Amino acid sequence: MNIKQILENPGALSKGVESDSPIVISTRVRLARNLEKFPFPGWAKKSQKREILSSCLTALGKLPEMEESSSLEIDKLDDLE
């Protein structure tokens, strides 16, 4: 099941239907990555983090959906930005 199917077919709870049975709502978000040549950010050196960023931006730049996107690096912005 994907998110589109869930959104198109909401359960009784979201429709305001009362029930005598206990209801448990649970969510989970899992983030994973496939960067086998690099350590996790907490262990990566600054040069490795730059290489990861460069690699990710290159990959994103190849996606048609990202043609009009922009990227800002937080450490290059001033406090107001």
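Select D75. At 54% relative accessibility, D75 counts as exposed. The terms run as follows: buried means under 20% relative accessible area, exposed means over 50%, and partly exposed lies in between (1.4 Å probe, protein chains only). The model is predicted, so local features need pLDDT of at least 70 and side-chain atom pairs count only at pLDDT 80 or more, while totals for chains, interfaces and linings use all residues. Residues are numbered from 1 along each chain as its sequence is written, and side-chain values use heavy atoms, with hydrogens and water left out.

**Stop 1: the charged network**

Keep D75 and add R50. Their side chains meet in a salt bridge, at 3.1 Å from N to O. R50 lies in helix α2 and D75 in the segment after α2, so this pair ties together parts that are 25 residues apart in sequence. A salt bridge here is a side-chain nitrogen of Lys or Arg within 4 Å of a carboxyl oxygen of Asp or Glu. Side chains of opposite charge can pair when their charged atoms come close.

Now add E73. E73 and R50 meet in a salt bridge too, at 2.5 Å from N to O. E73 sits in the segment after α2 (46-61) and R50 in helix α2, so the pair ties together parts that are 23 residues apart in sequence. E73 is partly exposed, because its relative accessibility is 22%. R50 is also partly exposed, at 34%.

Add K76. Which side chain does K76 meet in a salt bridge? The partner is E73, at 3.8 Å from N to O. K76 counts as exposed, with 59% relative accessibility.

Show the four together. R50, E73, D75 and K76 are linked in a network of salt bridges. The count of salt bridges comes to three.

**Stop 2: the ring pair**

Select F40 and W43. How many aromatic pairs does the rule give? The count is one. F40 and W43 form that pair, edge-to-face, with 5.9 Å centre to centre and 80 degrees between the planes. The rule takes rings of Phe, Tyr and Trp (its six-membered ring) whose centres lie within 6.5 Å; planes under 30 degrees apart count as stacked, over 60 as edge-to-face and the rest as tilted. Then check the cover. F40 is partly exposed at 49% relative accessibility. W43 is exposed at 69%.

**Stop 3: the largest pocket**

Select P41, K49, R50, I52 and L53. Of the 12 residues that line the largest pocket, these are the closest to its centre. R50 thus appears again, having already been seen in the salt-bridge network. The space in the largest pocket is about 210 Å³. On a 1 Å grid over the protein atoms alone, a pocket is an open set of points where a 1.4 Å probe fits, with protein on both sides within 12 Å along at least five of seven lines; lining residues have an atom within 4 Å of a point. Colour the lining by class. Six residues are nonpolar, none are polar and six are charged.

**Stop 4: two serines**

Select S55. S55 lies in helix α2. S55 is partly exposed, with a relative accessible area of 37%. Add L35: S55 and L35 are 20 residues apart in sequence and 9.7 Å apart in space, C-alpha to C-alpha.

Move to S70, in the segment after α2. S70 is exposed, with a relative accessible area of 69%. Add L57: S70 and L57 are 13 residues apart in sequence and 9.9 Å apart in space, C-alpha to C-alpha.

**Stop 5: the whole chain**

Clear the selection and show the cartoon. The protein has two helices and zero strands. Helices (H or I, at least four residues) and strands (E, at least two) are DSSP runs, numbered from the N terminus. Buried residues make up 4% of the 81 residues.

Key: Grid points are joined across faces, edges and corners, and a volume is the space filled by probe spheres set on the points. Ala, Val, Leu, Ile, Met, Phe, Trp, Tyr, Cys and Pro count as nonpolar, Asp, Glu, Lys and Arg as charged, and the others, Gly among them, as polar.
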